[in-house]
Amino acid sequence: MKILITGANGFLGKNLQLHLAERKDIEVVCFTRANNANELPNLLVGVDFIFHLAGVNRPPHPDDFITGNTDLTQQLCAAIAGTERRIPIIYTSSIQAALENPYGYSKRLAEEALFNLQKKFDNPVYVFRLPNVFGKWCRPNYNSAVATFCHNISRGLPIQVNDPDATVNLVYVDDVIARFLQLMDGARPALNCEGFDTVTPQYEITIGRLVNTINTFKNSRTTLVTEKVGTGFLRALYSTYVSYLPSESFSYAVPKHGDPRGVFVEMLKTLDSGQFSYFTAHPGVTRGGHYHHSKTEKFLVIKGKAHFKFRHMNTGEKHELVTTGETPEIVETVPGWTHDITNVGQEEMIVMLWANEIFDRDKPDTFACKVIQ
């Protein structure tokens, strides 16, 4: 397929280009601010699908709304009609199109031009009245509160919140692009009652909660406690926040606790699924020698040779095993068994450790008891 993207260098355009570049069946033609609308007929030669993402929302003069939104769309429609072909087109309008302001008015007129093209020439048209879109590469300090908050908070810059209880409706850029590509690949439109295509999921959040959540992301480098960033809105927002980190902040230090046995380093703590850490042990060193009532752990030797010993606190039953970094093998501690681990190799031993709960110094659930008495 040959694809035309207007506004190719914008927020949505850059994300769309990256997704399309991952495919081998797509040729992309770009229309940017460097192009002139008179070039559209030539750019449309051989084009099979159009993503009309170009537009203006903060021009220096109100008249530019019409020029950048309405006029350009009308010229594009005329160029499509001139091809005498039915070229499907996706247009990114805005929820502002339902409002009486210059920007919304210009977007509404652009929608009308596209629907007229559809009615007159049976040309497939998919119009999205998008709410606030967030994600990587959105321009901060422009028209996206999420972008501004992520950019400024990640850099320790001040932010301004006028009404923390005000709500904002959001869609994630990857969900937008995914829906666009579904339509490009032949999916049926999912029209709402007003006849506009839609993107799901959509999220509603207060500005205050949004800011607090982003601050929590920042503070997690100190607390080591991560939010539940694996699914849904928190996944999307966390990915967005990280994308605004300056390159000099790609890494950060964590505390290291050392003694004659080796070092112990905590890496990551979760709200409800424990924590990750690692420790080292010099040759001949034994670590552990304790039991837990409820806490469980998973050990993975990634370097060296480890001798694990266990003893049941009630029956006295014993168990031993040896693992090495050459053969990945998880060793799990069991409540009610005292256990230890000894470096029986000739080099430093490095062991990754997961515990199913965050260590609580007031209630450690860790009781010293030698395995061999």
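**Exercise 1. Determine what share of the contacts with a separation of 6 or more comes from residues 24 or more positions apart.**

Solution. In this predicted model, residues 24 or more positions apart account for 72% of the contacts in the protein that have a separation of 6 or more. The secondary structure consists of eight helices and 20 strands.

**Exercise 2. Describe the overall dimensions of the protein, using its radius of gyration and its box.**

Solution. Step 1: the reference value for a compact globule of 373 residues is a radius of gyration near 21 Å. Step 2: the protein has 29 Å. Step 3: along the principal axes, the C-alpha atoms fill a box of roughly 90 × 45 × 40 Å. Step 4: the accessible surface comes to about 19,500 Å², and carbon and sulfur atoms hold 51% of this area.

**Exercise 3. Identify the residues with the most contacts inside the largest nonpolar core, and the helix that gives the most to this core.**

Solution. Step 1: of the 373 residues, 46% are buried. Step 2: the largest nonpolar core has 48 residues, and Phe51 and Phe134 have the most contacts inside it. Step 3: helix H6, residues 173-184, gives the most to this core, with seven residues. Step 4: a second core of 25 residues lies apart from the largest one; Val29, Ala37, Cys77 and Tyr91 are among its members. Step 5: when neighbours within four places in sequence are left aside, the contacts of phenylalanine 134 include Phe11, Val146, Leu170, Tyr203 and Phe233.

**Exercise 4. Explain which parts are tied together by the salt bridge between aspartate 197 and arginine 179, and state whether these residues are buried or exposed.**

Solution. Step 1: the closest N and O atoms of aspartate 197 and arginine 179 are 3.4 Å apart, and the two residues form a salt bridge. Step 2: aspartate 197 lies in the loop between H6 and strand S8, whereas arginine 179 lies in helix H6, so the pair ties together parts that are 18 residues apart in sequence. Step 3: both aspartate 197 and arginine 179 are buried.

**Exercise 5. Analyse the salt bridge between lysine 298 and glutamate 332 in the same manner.**

Solution. Step 1: the side chains of lysine 298 and glutamate 332 meet at 3.0 Å, N to O. Step 2: lysine 298 belongs to strand S14 and glutamate 332 to strand S17, so the bridge ties together parts 34 residues apart in sequence. Step 3: residues between 20% and 50% relative accessible area count as partly exposed. Lysine 298, at 32%, is therefore partly exposed, and glutamate 332, at 39%, is partly exposed as well.

Notes. Residues numbered from 1 in each chain as written. Predicted model: local features only at pLDDT ≥ 70, side-chain atom pairs only at ≥ 80, totals over all residues. Heavy atoms only, no water. Core = buried A, V, L, I, M, F, W, Y, C linked by side-chain atoms within 4.5 Å. Buried < 20%, exposed > 50% of the residue type's maximum accessible area, 1.4 Å probe, protein only. Helix = DSSP H or I, 4+ residues; strand = E, 2+ residues; numbered from the N terminus. Contact = heavy atoms within 4.5 Å. Salt bridge = Lys/Arg side-chain N within 4 Å of Asp/Glu carboxyl O. Rg over C-alpha atoms; globule rule 2.2 N^0.38 Å. Areas by Shrake-Rupley, 256 points an atom, 1.4 Å probe, with all protein chains shown as cover.
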